[in-house]
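Visitor: I am new to this structure. Could you take one part of it and go through that part closely, with whatever surrounds it?

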Amino acid sequence: MEINKNVTWKPLGEKIVAVKVETGEYYTMNEVASIIWRGISEKKTTEEICEQICQVYDNDDKASVLKDIEEQMSEWQQELLII
């Protein structure tokens with residue numbers, strides 16, 4: 001996965017704001033989604049992103065976290081934020 005080149009983004013504190021350049025649609029991501037987004041931008045694997053979220057939030061349920069990450073990424077793919 002990678003961030004679509006037609007999307008620009010900036011950190012805003014612990015959150016991320018992403019904008020589709022062509023349409024002006026914007027997305028504000030919560031802290032967990034921002035970790036996923038940064039992970040994608042850093043070319044981390046889904047498993048590496050999962051590990052990071054589990055560490056930050058002291059969560060041992062990796063299967064559930066991984067499922068949530070995959071669902072979020074699927075949503076972003078549908079929105080053409082990532083490809």
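Guide: A disulfide is a pair of cysteine sulfur atoms within 2.5 Å. The sulfur of cysteine 50 is 4.1 Å from the closest cysteine sulfur, that of cysteine 54, so the two are too far apart for a bond. Seen from the other side, cysteine 54 is in no disulfide either, with the sulfur of cysteine 50 as its nearest, 4.1 Å away. By this rule the count of disulfides is zero. Both residues are nevertheless covered: cysteine 50 is buried at a relative accessible area of 5%, and cysteine 54 counts as buried at 6%. The model is a predicted one, and these distances are computed from it.

With the cysteines settled, the part to look at closely is helix 1, and the sheet it packs on comes before it.

The sheet is open and has three strands in the order 1-2-3, with antiparallel pairing. Strand 1 and strand 3 are its edge strands, each pairing on one side only. From one strand to the next the twist averages 15 degrees. Strand 1 covers residues 7-12 and is joined to strand 2 by six bridges. In this pairing tryptophan 9 stands opposite alanine 18 of strand 2. The two strands form a hairpin with two residues between them, and glycine 13 in its turn has a positive phi of about 70 degrees.

On its other side, strand 2 pairs with strand 3, residues 26-29, over four bridges, again in the antiparallel sense. Two facing pairs can be picked out here: valine 19 stands opposite tyrosine 26, and isoleucine 16 stands opposite methionine 29. This hairpin has five residues between its strands, and glycine 24 in the turn has a positive phi of about 80 degrees.

In a regular strand the side chains alternate between the two faces of the sheet. Strand 2, residues 15-20, can be read in that way: Ile16, Ala18 and Lys20 make up its covered face, while Lys15, Val17 and Val19 make up the uncovered one.

Now the helix itself. Helix 1 packs on the sheet and touches strand 1, strand 2 and strand 3, its direction making about 65 degrees with that of strand 2. Helix 1 spans residues 31-41, and its buried residues are Ala33, Ser34, Ile35, Ile36, Trp37, Gly39 and Ile40. Besides the three strands, these buried residues pack against helix 2 (46-56) and helix 3 (62-78).

The two ends of helix 1 can be described in turn. At the N-terminal end the cap is asparagine 30, which has a side-chain oxygen 3.1 Å from the backbone nitrogen of valine 32. After the helix comes lysine 43, with a positive phi near 65 degrees.

One residue within the helix deserves its own paragraph. Serine 34 belongs to helix 1. Is serine 34 buried or exposed? Its relative accessibility is 0%, and buried means under 20%, so serine 34 counts as buried. Its side chain reaches the backbone oxygen of methionine 29 at 3.4 Å. Apart from neighbours within four places in sequence, serine 34 is in contact with Glu14, Lys15, Ile16 and Met29. Ile16 in that list is on the covered face of strand 2, and methionine 29 is the residue that stands opposite it in strand 3.

Helix 1 also meets another helix. Two packed helices are described by the angle between their axes and the distance between the axes. For helix 1 and helix 3 the angle is about 70 degrees and the axes are 11 Å apart. Helix 1 is therefore roughly perpendicular to helix 3. On the side of helix 1, Ala33, Ile36, Trp37 and Ile40 take part, and they meet Ile69, Gln72, Met73 and Trp76 of helix 3. Those four residues of helix 1 are also among its buried ones.

Last, a polar residue outside the helix can be set beside serine 34. Asparagine 4 sits in the segment before strand 1 and is buried, with a relative accessible area of 12%. A polar atom of its side chain lies 2.9 Å from the backbone nitrogen of asparagine 6. Leaving out neighbours within four places in sequence, asparagine 4 is in contact with Leu80, Leu81, Ile82 and Ile83.

Definitions and conventions: Residues are numbered from 1 along each chain as its sequence is written. Side-chain values use heavy atoms; hydrogens and water are left out. Buried means under 20% relative accessible area, exposed over 50%, partly exposed in between (1.4 Å probe, protein chains only). Two strands pair if DSSP finds at least two bridges between them. Contact means heavy atoms within 4.5 Å. A polar contact is a pair of N or O atoms within 3.5 Å; within protein, one must be able to donate a hydrogen and the other to accept it, and residues adjacent in sequence count only if both atoms are side-chain atoms. Axes are lines fitted to C-alpha atoms, for helices over the stretch in contact, and angles run from 0 to 180 degrees between N-to-C directions. Angles under 35 degrees count as roughly parallel, over 145 as roughly antiparallel, 65 to 115 as roughly perpendicular and the rest as oblique.
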